[in-house]
Amino acid sequence: MKYQSQAVAKPYFAFAMLLFVGQIVFGLILGTQYIIGDFLFPEIPFNVARMVHTNLLIVWLLCGFMGATYYLVPEETQCELYSPKLAWILFWAYAIAGTLTIVGYLSVPYATLAEITYNNILPTMGREFLEQPTITKIGIVIVALGFLFNVGMTILRGRKTVINMVLITGLLGLAVFFLFSFYNPASLTLDKYFWWWVVHLWVEGVWELILGSILAFILIKTTGVDREVVEKWLYLIIAMALISGILGTGHHYFFIGAPEYWLWIGSVFSAVEPLPFFMMMVFAFSMIKQRRREHPNKAAVTWAAGCTIMAFLGAGVWGFLHTLAPVNYYTHGSQITAAHGHLAFFGAYVMIVLAIISYAWPQLQGRLSNSLQAQKVEIASIWVMCVSMLMITLLLTAAGIIQVMQQRMPADGIALGYMATQDLIVPIYWARLVAGIAFGGGVMLYLYSFVVASRTQADAPALPVSA
């Protein structure tokens, strides 16, 4: 690595991987509970398992974003991090708060957790994805402020690049929109209206800026393409992402009592949302085709290229499948939504975090890349995870179609009840569980590649001084 302060990314990456494994474990528990309702009951009820599964996803991705930022900002600014000590302090604060929150979910009833964390003083709990106790939310804000201060000061005193500017804009947006998690109005309609300002404007807005900047950084480093070319693509992609993403929020307002014009705004701009992901895919493959050098880290390049394909499929294609108001009327809240969510999160955000870890970790160990043996294992893990996630997505899509056809628009006019419909889907849930186990195997294979890397370190290319 060029700069000593980049080493602070290591604990963030390591903790992110630990939480990722935890997320997969609870995903498999959920998949089993869909089939065997009493599995691990009452120790881990379904609602608790789901809460832990989704919260771990958010927490580990944020941890990965912070690690990626601490790694790439010194290289982009060409100076050391403003305060590595502050980065370490914030890491431990984030790790301890996150761990205690998950332990709280699993140890006591949710109502008791709300009581012992004094949620009554500033009620913010009880909403999907924002279940964290108020005290945890406050801790997240403090960590975010410290993180933005550290990164912002580094950028101010160093080189200003488009990648840095896009990244810090995305990170600032992430922090600002999280503040709406503290707004919990009594009206359920009003609550849902602003709840999407956190959830949607994160994953279909500012997170896309973070994704784009990390992807651009990896492509510059691995292809040698001129920075100016990459920056022009990045500007175009983020402009499309923000225009379509912000107004595309309207597709969540179809049926909550919001004004009727959201049917048109939400439908039209949601139809545009696949475009930035398509542009991202074209961008990545164009840069790889125009590369000026062959970087030895083939695994990182594979992750980056695969990320754009899977993001386009998950966030673009599967998002568009059910985003138009006349279609969403029937599909809303079905397993089609779950299919889109799984593939979109994996393709866009999980894969880009794994890509930057794949690129950065060997360099943090003083190597340009892992050994060829380790990369073969890692690339195999990419294929296992991608194919498994595609299977999960296709199976959930099939389940959603059955839900719609049997429960919401039956051909004979006699709709089945929710549970009767679920009984029909059980065979698909079994297949989904098998695909989930395969995905977990891919995650283990990814982690094992780093074990192989440590054993074959002598075969890995050393990091040159100018790398």
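The paragraphs below go from the whole chain to its core and then to single residues of this predicted model.

The chain is built from helices: there are 15 of them, and the number of strands is zero. Its radius of gyration is 22 Å, close to the 23 Å that the globule rule gives for 467 residues, so the chain is as compact as a globular protein of that length. Along the principal axes, the C-alpha atoms fill a box of roughly 70 × 45 × 45 Å.

Several totals describe how the chain is packed. Of the 467 residues, 58% are buried. Among contacts with a separation of 6 or more, 81% are between residues 24 or more positions apart. The accessible surface comes to about 19300 Å², and carbon and sulfur atoms account for 72% of that area. As for charge, the chain carries 23 positive and 21 negative charges, and the mean positions of these two sets lie 12 Å apart.

The interior comes next. The largest nonpolar core holds 142 residues, and the members that touch the most others are Trp60, Tyr70, Trp202 and Trp207. Helix 2, which spans residues 46–77, supplies the largest share of this core, with 19 residues. As a general tendency, nonpolar side chains in soluble globular proteins are buried together.

Trp207 shows what such a core member touches. Apart from neighbours within four places in sequence, Trp207 is in contact with Leu61, Leu62, Phe65, Leu174, Trp202, Phe345 and Tyr349. One of these partners, Trp202, is also in contact with Ile58, which touches Phe129 as well when neighbours within four places are again left aside. Ile58 is found in helix 2. Its relative accessibility is 14%, and because buried means under 20%, Ile58 counts as buried. Ile58 and Ala144 are 86 residues apart in sequence, and their C-alpha atoms are 14 Å apart in space.

A second buried position lies towards the other end of the numbering. Val443 belongs to helix 15, residues 418–455. At 1% relative accessibility, Val443 counts as buried. Val443 and Val21 are 422 residues apart along the chain, yet their C-alpha atoms are separated by 7.5 Å. Val21 is one of the residues in contact with Val443, along with Phe20, Ile24 and Met385, once neighbours within four places in sequence are set aside.

Leu368 is a buried residue outside the helices. Its place is the loop between helix 13 (335–364) and helix 14 (372–408). With 16% relative accessibility, Leu368 counts as buried. The C-alpha atoms of Leu368 and Pro259 are separated by 55 Å, and the two residues are 109 positions apart along the chain.

Met165 gives a case with more cover removed than the buried limit allows: its relative accessible area is 34%, so Met165 is partly exposed, the class between 20% and 50%. Met165 is found in helix 6, residues 162–178. Not counting residues up to four places away in sequence, Met165 touches Ile155 and Lys160. Arg227 is 62 residues from Met165 along the chain, and the C-alpha atoms of the two are separated by 14 Å.

The last stop is the backbone in the loops on either side of helix 2. Most residues other than glycine have a negative phi, and most peptide bonds are trans. What joins Phe41 and Pro42? The bond between Phe41 and Pro42 is a cis peptide bond, with omega at about 10°. Pro42 lies in the loop between helix 1 (9–35) and helix 2. That loop between helix 1 and helix 2 also holds Leu40. Leu40 is not a glycine, but its phi is positive, at about 65°. The relative accessible area of Leu40 is 34%, which makes Leu40 partly exposed.

Gln78 lies in the loop between helix 2 and helix 3 (84–107). Gln78 also has a positive phi, about 60°, although it is not a glycine. Its relative accessible area is 48%, and Gln78 is therefore partly exposed.

Note on methods. Residues are numbered from 1 along each chain as its sequence is written. This is a predicted model: local features need pLDDT of at least 70, side-chain atom pairs count only at pLDDT 80 or more; totals for chains, interfaces and linings use all residues. Side-chain values use heavy atoms; hydrogens and water are left out. A nonpolar core is a set of buried Ala, Val, Leu, Ile, Met, Phe, Trp, Tyr and Cys residues joined through side-chain atoms within 4.5 Å. Buried means under 20% relative accessible area, exposed over 50%, partly exposed in between (1.4 Å probe, protein chains only). Helices (H or I, at least four residues) and strands (E, at least two) are DSSP runs, numbered from the N terminus. Contact means heavy atoms within 4.5 Å. The radius of gyration is taken over C-alpha atoms; the globule rule is 2.2 Å times the number of residues to the power 0.38. Accessible areas come from the Shrake-Rupley method with a 1.4 Å probe; for residues, only the protein chains shown count as cover. Lys and Arg count as positive and Asp and Glu as negative; His and the chain ends are not counted. The place of a charge is taken as NZ of Lys, CZ of Arg, CG of Asp or CD of Glu.
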